[in-house]
Amino acid sequence: MPKSFIIKFQTDNIGIKTFMTKIKAYEKEIKIYGILNKINKLNTPKIFHAEIDSEKSNYIIIMEDLNSKGLFNIKKNEPLNIDILKLIVEYFAELHSIFFGKERQKNIEWLYDYNFANYMKDFTINNFDKKKQFFIFNNKKILNENLIKIIKNIKILDLFEKIEPSCDKNKSRTTLLHGDTQIGNLLINKKKDKIAMIDWQYINIGLGLKDIILFMGITFDEKSIKENDINELKYLYYNYLEKKGINYDKKLFEEDWKNLCLISLCNIISASAEENIGDDEEKKKKYGEYLSISEKRFITFLQKQNL
């Protein structure tokens, strides 16, 4: 046995636990680790034991401690220079290239049966129109006129029809998504040349750009983001896929980028600190603070672009 290991249990928060059961998050995480462990470049932790009681929504995973391999969480206030950001984008491009298109998805087809992307689609369609005016009011000091106009004119059903994942009938450009690409799920070594992602409960099948846009949109802040950085990272992703033999039409890529930027914004607008958390006031407060920061960063991210 190793000197250290990680033991992961289900949450004891009833609201979150109910939600995780609904989207089969525990089953998915256990199953996907068995697949990802075989892909060395992704550096996912090895699983020593995994068990789930679906009826009681309890599970346990005993996994490798990546700290023992020199991989550690990035500190919240640690600046992410362009070289680290490139490393992260290439990590996701590698993941997405492995599962890009229906022919490469034979061992993850089970994800279509309970795809988290479908849950997010339904949730956003049901909540966006109710919440967009409050979002505009709450962020009026930083929103420019162009983005306000875009938000007001979004027809949410039409937007989803254009993009994910039903628009891609043949699954020709869908892939495996991590689904929760926030900085807290990222580990990096001291040399800053090797990374890993953890917490794969929100995996889904969709368009890979969603992972990239979500990561960039909620990670960049006003001080660190530069207009050129967005395009540099965006086309780094495209070129990496191309080098891996992925045929992704450039015009379609640009359309997907724009539409997924808007869908990600709609997801954020639709979110609420009350959602799936139950009566835990401390968690509501922390999640509310996280949402507030994410809103402001995503607005900055979008307004640096010519949408």
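Q: Helices are DSSP runs of H or I with at least four residues, strands are runs of E with at least two, and both are numbered from the N terminus. Going by that, in which loop is Ile142 found?
A: This is a predicted model, by the way. Ile142 doesn't belong to a helix or a strand here; look for it in a loop. The loop joins helix 4 to helix 5 (145-153).

Q: Which residues does Ile142 touch, leaving out those up to four places away in sequence?
A: Ile142 is partly exposed, with a relative accessible area of 37%. One partner comes from far along the chain: Gln303 is 161 residues away in sequence, yet the two C-alpha atoms are 9.7 Å apart. With sequence neighbours up to four places away left out, the residues touched are Lys296, Ile299 and Gln303.

Q: How many helices and strands does the protein chain have, and what is its radius of gyration?
A: Count them up and you get ten helices and eight strands. The globule rule gives 19 Å for 307 residues, and the chain comes close to that, so it is as compact as a globular protein of that length. Its radius of gyration is 19 Å.

Q: What share of the contacts with a separation of 6 or more is between residues 24 or more positions apart?
A: Start with the packing: buried residues make up 50% of the 307 residues in the chain. Now take the contacts in the chain with a separation of 6 or more, and ask for those between residues 24 or more positions apart. Their share is 76%.

Q: How far apart are the mean positions of the positive and negative charges?
A: The chain carries 51 positive and 44 negative charges. Take the mean position of each set, and the distance between the two is 2 Å.

Q: Which residues of helix 1 are buried, and what covers them?
A: Helix 1 runs over residues 14-22, and its buried residues are Gly15, Lys17, Phe19 and Met20. Their cover includes helix 2 (25-36), strand 3 (58-64) and helix 4 (116-138).

Q: At the start of helix 1, which backbone nitrogen does a side-chain oxygen of Asn13 reach?
A: Look at the start of helix 1, where the Asn13 side chain offers an oxygen. That oxygen comes to within 3.0 Å of the backbone nitrogen of Gly15.

Q: What is the phi of Lys24, the residue that follows helix 1?
A: Most residues other than glycine have a negative phi. Lys24 is not a glycine, yet its phi is positive. Lys24 sits in the loop between helix 1 and helix 2, and it is partly exposed at 33% relative accessible area. Its phi is about 55°.

Q: Is Asn189 buried or exposed?
A: Asn189 is in the loop between strand 6 (186-188) and strand 7 (195-197). Setting aside neighbours within four places in sequence, its contacts are Gly70, Leu71 and Lys194. The cut-off is under 20% relative accessible area. Asn189 comes in at 12%, so it counts as buried.

Q: Which residue has its backbone nitrogen 3.0 Å from a polar side-chain atom of Asn189?
A: The partner lies in the loop between strand 6 and strand 7. It is partly exposed, with a relative accessible area of 34%, and has a positive phi of about 60° although it is not a glycine. The residue is Lys192.

Q: How far apart are the C-alpha atoms of Asn126 and Asn267?
A: Asn126 is in helix 4 and is partly exposed at 48% relative accessible area. Asn267 is 141 residues away along the chain. Their C-alpha atoms are separated by 11 Å.

Terms used
Residues are numbered from 1 along each chain as its sequence is written. This is a predicted model: local features need pLDDT of at least 70, side-chain atom pairs count only at pLDDT 80 or more; totals for chains, interfaces and linings use all residues. Side-chain values use heavy atoms; hydrogens and water are left out. The radius of gyration is taken over C-alpha atoms; the globule rule is 2.2 Å times the number of residues to the power 0.38. Buried means under 20% relative accessible area, exposed over 50%, partly exposed in between (1.4 Å probe, protein chains only). Contact means heavy atoms within 4.5 Å. Lys and Arg count as positive and Asp and Glu as negative; His and the chain ends are not counted. The place of a charge is taken as NZ of Lys, CZ of Arg, CG of Asp or CD of Glu. A polar contact is a pair of N or O atoms within 3.5 Å; within protein, one must be able to donate a hydrogen and the other to accept it, and residues adjacent in sequence count only if both atoms are side-chain atoms.
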